[in-house]
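Q: I am a first-year student and would like a close look at how one pair of helices packs together. Could you then lead me from there to other parts of the chain?

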Amino acid sequence: MSETSTSTTNRELTAAQRRAVTELMRVSPVADELGRRFAAAGHELHLVGGSVRDALLGRLGDDLDFCTDARPEKTLEIIKGWAEAVWTTGQEFGTIGLSRGGLRLEVTTFRADAYDRVSRNPIVKYGRSLDDDLRRRDFTVNAMAVSVPGHVFADPHGGLADLAARRLRTPGTPEESFADDPLRMLRAARFVAQLRFEVAPPVREAMEAMAADLGRITAERIRDELVKLMCGVDPVAGLRLLVDTGLADQFLPELAGLRLEIDEHAQHKDVYEHTLTVVRNAIALESEGPDFVLRMAALMHDVGKPATKAVGTGGRVSFHHHEVVGARLTKQRLSALKFPKDVISAVAGLVALHLRFYGYGRGEWTDSAVRRYVTDAGDLLARLHKLTRSDVTTRNRRKAAALAADYTALEERIERIAAEEDLARVRPDLDGNEIMKLLGLPPGPLVGKAWRHLKELRLDRGPLTHEEAEAELRRWAAEQGL
């Protein structure tokens with residue numbers, strides 16, 4: 001390392017340490033008080049892992065992680081009467097949770113987990129020292145600790161230097177670490193997305209060689225890492241790492257599948273690169289923090305293209321109905337990853353609707369078509385606006401400007417019609433009770449059929465007067481032989 005680079009690194013470390021002191025001073029009244037309680041009982045307590053890393057980065061939150069040589073039952077004795085709330089859901093893994101002074105704290109007994117490298121969960125084995133605990137952690141930047149109340153810094157694996165270099169290494173060999181818990185490979189990609197770190201070459205090589213080991217991990221754990229990655233500051237960097245190492249093939253093969261072969265006879269834009277650009281564009285349009293549903297819809301919006309690719313005369317490539325196929329694939333993939341039904345419905349709904357705007361052209365849509373666009377989108381309309389705008393990635397500035405102007409015109413038209421007709425609550429002009437009364441019908445399928453007929457009229461023609469709605473209902477009933 002040159003003198004200049006050494007000096008630069010030292011300055012970075014000094015700045016990191018100053019940030020850590022500032023951050024730790026904010027939480028030290030609670031942390032040190034807890035540390036004194038453990039010391040009085042003859043035990044150690046250390047702020048550890050992600051909490052130390054985030055303190056050094058100047059981004060320590062209100063969730064603090066500690067480790068101790070005390071067993072969980074002893075920890076419960078020590079915090080009794082001091083903690084404002086206690087939860088023991090992690091006790092079988094050595095973790096006791098508590099809250100105090102607006103902070104959420106987790107205290108975990110030193111771990112030296114053993115793995116059979118076949119099953120999906122570690123065998124909990126308590127360690128004898130802080131060194132045991134730090135050695136078993138995923139990356140060196142998470143293998144640092146600060147004792148409380150003494151504030152003695154422990155960094156046996158060079159995590160501080162790696163933090164300054166924004167580099168991900170493992171305390172032991174990457175192969176041993178990932179064999180113990182393959183989810184750590186996904187966590188590497190997540191840290192790339194969240195913290196803009198880079199993985200060290202040996203770590204990347206191990207990820208490529210061991211990607212198939214991810215099959216040992218439950219869908220729920222993979223899902224949670226994917227959500228954290230997608231909500232990071234730079235999810236595209238994390239996604240690239242997943243694809244390049246083959247990890248995406250294990251749980252999100254549709255992503256790698258977007259890298260369609262391009263030849264001289266069937267030119268089309270690179271769908272994979274286009275997709276990553278759409279994700280970036282969507283992020284730029286967020287106004288209230290990370291929106292996982294929007295970001296995931298951007299990621300999945302074109303996954304139907306590989307299955308619908310066709311080459312026509314003159315080498316023209318088409319992907320007819322790829323939004324329909326993509327919505328189905330999205331439902332299947334998110335279901336396999338155990339996402340909640342409302343998330344699956346929202347993401348798949350956006351994928352299904354993302355092409356609808358391209359039929360708008362230069363305003364040829366009738367008011368009826370605009371009403372249907374809004375009604376079909378429902379609560380997803382605001383996200384659909386963002387997704388549709390994000391999907392414009394053409395390098396042709398004139399074309400991009402024309403599409404943006406067209407969509408702006410559509411949004412303005414939606415606002416105008418909404419102001420006139422309350423589009424958010426499009427309903428038939430007669431409700432079910434009125435339908436039954438006018439037609440003398442009991443509750444049943446016919447009432448629903450009549451209701452849907454009136455809703456279609458409402459979408460086509462806009463609001464009807466009560467008299468017009470009654471006349472249309474009677475006309476429909478006569479056609480049905482009622």
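A: Helix 8 and helix 10 are oblique to each other, and in this predicted model their axes stand 8 Å apart and meet at an angle of about 55°. That angle counts as oblique because it falls neither under 35 degrees, where helices would be roughly parallel, nor in the range of 65 to 115, where they would be roughly perpendicular. In general, the angle between the axes and the distance between the axes are what describe two packed helices. Helix 8 covers residues 201-210 and helix 10 covers residues 235-245, and the contact is made by R204, M207 and E208 on the side of helix 8, with L241, D244 and T245 on the side of helix 10.

Helix 8 also holds P202, which counts as partly exposed because its relative accessibility is 43%, a value between the limits of 20% for buried and 50% for exposed. The C-alpha atom of P202 is separated by 8.1 Å from that of R169, although the two residues are 33 places apart along the chain.

Around these helices there is a whole chain to consider, with 23 helices and 11 strands. Of its 482 residues, 50% count as buried, and among the contacts between residues at least 6 apart in sequence, 65% join residues at least 24 apart.

Some of those links can be followed through the aromatic rings, for a search of the whole structure finds 3 aromatic pairs. One of them is formed by F292 and F339, which are stacked, with 5.4 Å from centre to centre and 15° between the planes. This pair links distant parts of the chain, since F292 belongs to helix 14 (residues 292-300) while F339 is in the loop between helix 16 (322-336) and helix 17, 47 residues apart. Both F292 and F339 are buried. Another pair is that of F357 and Y407, whose ring centres are 4.7 Å apart and whose planes stand at 75°, so this pair is edge-to-face. Because F357 lies in the loop between helix 17 and helix 18 and Y407 lies in helix 20 (residues 397-421), the pair ties together parts that are 50 residues apart in sequence. F357 and Y407 are likewise buried. A ring can also have a charge as its partner, as with Y272, where the charged end of R259 sits over the ring at 5.9 Å from its centre.

The loop between helix 17 (341-353) and helix 18 (367-377) also contains H354, which counts as buried because its relative accessible area is 1%, under the limit of 20%. The side chain of H354 makes a polar contact of 3.4 Å with the side chain of H322, and it also reaches the backbone oxygen of V351 at 2.6 Å. Leaving aside residues up to four places away in sequence, H354 touches H301, D302, H322, E323, L384, L387, T388 and D391.

Earlier in the chain, N142 offers another buried loop residue to look at: it is placed between helix 4 (130-135) and strand 6 (145-147), and it counts as buried because its relative accessibility is 4%. Its contacts, again not counting residues up to four places away in sequence, are with G49, G50, R53, R137 and F191.

A last group of residues is worth attention for the backbone itself. Most residues other than glycine have a negative phi, and most peptide bonds are trans. The bond that joins V148 and P149, however, is a cis peptide bond, with omega at about 10°, and P149 is in the loop between strand 6 and strand 7 (153-154). R166, which is not a glycine, has a positive phi near 50°; this residue is in the loop between helix 5 (159-165) and strand 8 (167-168), and it is partly exposed because its relative accessible area is 36%. R196 is not a glycine either, yet it has a positive phi of about 60°, and its place is the loop between helix 7 (183-195) and strand 9 (198-199).

Notes. Residues numbered from 1 in each chain as written. Predicted model: local features only at pLDDT ≥ 70, side-chain atom pairs only at ≥ 80, totals over all residues. Heavy atoms only, no water. Helix = DSSP H or I, 4+ residues; strand = E, 2+ residues; numbered from the N terminus. Buried < 20%, exposed > 50% of the residue type's maximum accessible area, 1.4 Å probe, protein only. Polar contact = N/O pair within 3.5 Å; in protein donor to acceptor, adjacent residues only side chain to side chain. Contact = heavy atoms within 4.5 Å. Phe/Tyr/Trp six-rings, centres within 6.5 Å; stacked < 30°, edge-to-face > 60°. Lys NZ or Arg CZ within 6 Å of the ring centre and 35° of its normal. Axes fitted to C-alpha atoms, helices over the stretch in contact; angles between N-to-C directions. Parallel < 35°, antiparallel > 145°, perpendicular 65-115°, else oblique.
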